[in-house]
Amino acid sequence: MSDSFNMYDQANQQGNPNIPPMPPMEEKKGMSIASMVLGIIGLVFWCIPILGGPIGIVGLILGIVGRKNGGKGMATAGIVMSIITIVLAVINAIAGVYLQTSNVLNQL
């Protein structure tokens with residue numbers, strides 16, 4: 001593969017019109033898309049902390065990795081939605097523990 005790079009580089013440096021220029025490298029958007037999808041799913045399942053928390057964490061990790069590889073817009077959307085999911089899941093879990101340990105539910 002490196003030989004073809006050298007052939008293209010030498011041909012383009014010499015101005016050889018017979019060899020077309022190399023096409024631009026495509027971005028790898030798979031992890032960015034996965035992050036965005038998990039962010040959306042996490043926003044649906046945040047009310048169940050055992051599901052929302054891990055989905056948000058995985059979405060956040062994939063978004064960070066996807067942002068480095070390409071697809072920055074989708075990765076950013078996935079990161080934002082995953083952070084919102086994690087925060088809502090943690091708040092829900094804390095509220096659930098508080099309500100369970102206090103006598104607020106028994107007084108109703």
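Contact means heavy atoms within 4.5 Å. The exercises below concern a predicted model.

**Exercise 1.** Determine which elements cover the buried residues of α2, and where those residues sit around the helix axis.

*Solution.* Begin with the residues themselves: in α2, Ser32, Ser35, Gly39 and Gly42 are buried. They lie on the same side of α2, because the arc they cover around the axis is only 85°. A general rule fits this spacing: an α-helix has 3.6 residues a turn, so residues three or four places apart point the same way. Among what covers the buried residues are α3 and α4 (72-101). On the face turned away from the buried side, α2 carries the exposed residues Gly30 and Val44.

**Exercise 2.** Check the length of α2 against the value expected for its number of residues.

*Solution.* The helix has 16 residues, which at 1.5 Å a residue should span 22 Å. The C-alpha atoms at its ends are 22 Å apart, so the two values agree.

**Exercise 3.** Describe the nonpolar patch on the surface and place Ile33 and Ile48.

*Solution.* The patch consists of Ile33, Val37, Ile41, Val44, Phe45, Ile48, Ile50 and Leu51, with about 670 Å² of accessible area together. Two or more residues come from each of α2 (30-45) and α3 (49-69); α2 gives the most, with five.

Ile33 belongs to helix α2. Its relative accessibility is 39%, so Ile33 counts as partly exposed. Ile48 lies in the loop between α2 and α3 and, with a relative accessible area of 36%, is also partly exposed. Although Ile48 and Asn92 are 44 residues apart along the chain, their C-alpha atoms are separated by 8.0 Å.

Notes. Residues are numbered from 1 along each chain as its sequence is written. This is a predicted model: local features need pLDDT of at least 70, side-chain atom pairs count only at pLDDT 80 or more; totals for chains, interfaces and linings use all residues. Side-chain values use heavy atoms; hydrogens and water are left out. Patches are made of residues with over 30% relative accessible area and no salt bridge: like charges are joined within 9 Å, nonpolar side chains (Val, Leu, Ile, Met, Phe, Trp, Tyr) within 5 Å. Accessible areas come from the Shrake-Rupley method with a 1.4 Å probe; for residues, only the protein chains shown count as cover. A salt bridge is a side-chain nitrogen of Lys or Arg within 4 Å of a carboxyl oxygen of Asp or Glu. Helices (H or I, at least four residues) and strands (E, at least two) are DSSP runs, numbered from the N terminus. Buried means under 20% relative accessible area, exposed over 50%, partly exposed in between (1.4 Å probe, protein chains only). The expected span of a helix is 1.5 Å times one less than its number of residues. The arc is that of the directions from the helix axis to the C-beta atoms.
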